[in-house]
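Hello,

Here is the structure I promised to pass on to you. Please have it open while you read, and my notes follow below.

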Amino acid sequence: MSTKMTIIATKGTLDWAYPPFILGSTAAALDFDVTIFFTFYGLTLLRKKITAQVSPLGNPAMPMKMPMGPKWFRNITWNIPNFVQSLVPGYEALATTLMKKTISNVGVASVGELRELCQEAGVKMLACQMTVDLFGFEQSDFIDGIEFVGASTYLDVASDAQINLFT
Amino acid sequence: MADADQVLDCSGLNCPLPVLKTKKAVDAMSPGQVLQMISTDPGSQNDITAWCKRTNNELLGSATEGGKFIFSIKKS
């Protein structure tokens, strides 16, 4: 019998979108039977269009580097004061654009691409119905092929799994 | 290294794409056929070994040539 793995995805920012989709798609490639339960902010990763952004504010370990220019320039870590990050309009949009550029520069897949690979590989995706109601979403806001469930459905699947992760 | 039935170039791709593309390619092959996979991701050395172990496909050998990692994988 194949190894079973579940992941709980609770965060919806661009950086945190990666762990569930990377681990899920890779586990499926290892012939694991994979289920991901998307809840709270993680639920937004199942919307038709992924709009995840990254915020350097409150994310002190995130290196701020430029994805263009000569190598010495790319290697500079820019220490932007918190008050600038919080007051400059569009700062997160800029940081997201730079992060996406870095991601494609180094050959890392986009979140949308990884989500498609998960779907193709048969990763089961469960959406938390309570979160849908909490944030006023409609089931039609989300991609096809997912199930809307509650905590006990997730726990039932998890109780049979060898690996259960929380991201 | 054994003659390959198919070559998959994953140069420039980062984790987990080399493993995912290898899986797709091997799935489409027949048992006994050999896939040659080329990668530039240093992590793929351990990753492909682990993938072969988990999926019971045979890693016939691997080599490093000028910053490229070349794997020979036999579908079980």
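In what kind of crossing, left-handed or right-handed, does helix 1 of chain A pass helix 1 of chain B? Before the answer, please keep in mind that this is a predicted model. The crossing of these two helices is left-handed. Their axes lie 9 Å apart and make an angle of about 30 degrees. On the chain A side, Ser25(A), Thr26(A) and Ala29(A) take part, and they meet Val19(B), Leu20(B) and Lys23(B) of chain B. Sorted by class, this helix-to-helix contact has 3 nonpolar, 2 polar and 1 charged residues.

Stepping back to the whole contact between the chains, 11 residues come from chain A and 11 residues from chain B. Helix 1 of chain A, residues 14–29, gives the most to its chain's side, with 4 residues. That side of chain A is made up of 7 nonpolar, 3 polar and 1 charged residues.

Now to chain A by itself. It has 7 helices and 5 strands, and they follow one another along the sequence as β-α-β-α-α-α-α-β-α-β-α-β. The C-alpha trace spans about 50 × 35 × 25 Å along its principal axes. Of the 167 residues in chain A, 28% are buried. Among contacts in chain A between residues at least 6 apart in sequence, 77% join residues at least 24 apart.

The 5 strands of chain A form an open, parallel sheet in the order 4-3-2-1-5. Strand 4 (147–149) and strand 5 (163–166) of chain A each have a single partner strand, so one side of each is left without a neighbour in the sheet. On average, neighbouring strands here are turned by 20 degrees against each other, direction ignored. Strand 5 of chain A pairs with strand 1 (residues 4–9) of chain A over 4 bridges, in the parallel sense. If you would like a spot to look at there, Met5(A) has Ile163(A) as its bridge partner.

There is also a nonpolar core to look at. In soluble globular proteins, nonpolar side chains tend to be buried together. The largest nonpolar core here has 45 residues, and Ala28(A), Ile36(A), Phe38(A) and Ala127(A) touch the most other members. Helix 1 of chain A supplies the largest share of this core, 8 residues. Leaving aside residues up to four places away in sequence, Ala127(A) touches several residues, including Phe38(A), Leu43(A), Phe142(A) and Ile146(A).

Chain B has its own open sheet, with 4 strands in the order 1-2-4-3 and mixed pairing. Strand 1 (6–10) and strand 3 (58–65) of chain B stand at the edges, each with a single partner strand. The twist from one strand to the next averages 15 degrees. Strand 1 of chain B runs parallel to strand 2 (residues 34–39) of chain B, and 5 bridges join them; Val7(B) stands opposite Gln36(B). Helix 1 of chain B lies across strand 1, strand 2 and strand 4 (68–74) of chain B, at about 160 degrees to strand 1 of chain B. Helix 2 of chain B also packs on the sheet, touching strand 2, strand 3 and strand 4 of chain B.

One last residue: is Ala50(B) buried or partly exposed? Ala50(B) sits in helix 2 (residues 44–55) of chain B, and it counts as partly exposed because it has 14 C-beta neighbours inside 10 Å.

Best wishes

Key: Residues are numbered from 1 along each chain as its sequence is written. Chains are lettered from A and ligands numbered from 1 in the order in which they are written. This is a predicted model: local features need pLDDT of at least 70, side-chain atom pairs count only at pLDDT 80 or more; totals for chains, interfaces and linings use all residues. A residue is buried if 20 or more other C-beta atoms lie within 10 Å of its own, exposed if 12 or fewer, and partly exposed in between; C-beta atoms are placed from the backbone. Two residues are in contact if their C-beta atoms, placed from the backbone, lie within 7 Å. Ala, Val, Leu, Ile, Met, Phe, Trp, Tyr, Cys and Pro count as nonpolar, Asp, Glu, Lys and Arg as charged, and the others, Gly among them, as polar. A nonpolar core is a set of buried Ala, Val, Leu, Ile, Met, Phe, Trp, Tyr and Cys residues joined through C-beta atoms within 7 Å. Axes are lines fitted to C-alpha atoms, for helices over the stretch in contact, and angles run from 0 to 180 degrees between N-to-C directions. A crossing is left-handed if the near helix is turned anticlockwise from the far one by less than a right angle, and right-handed if clockwise. Two strands pair if DSSP finds at least two bridges between them.
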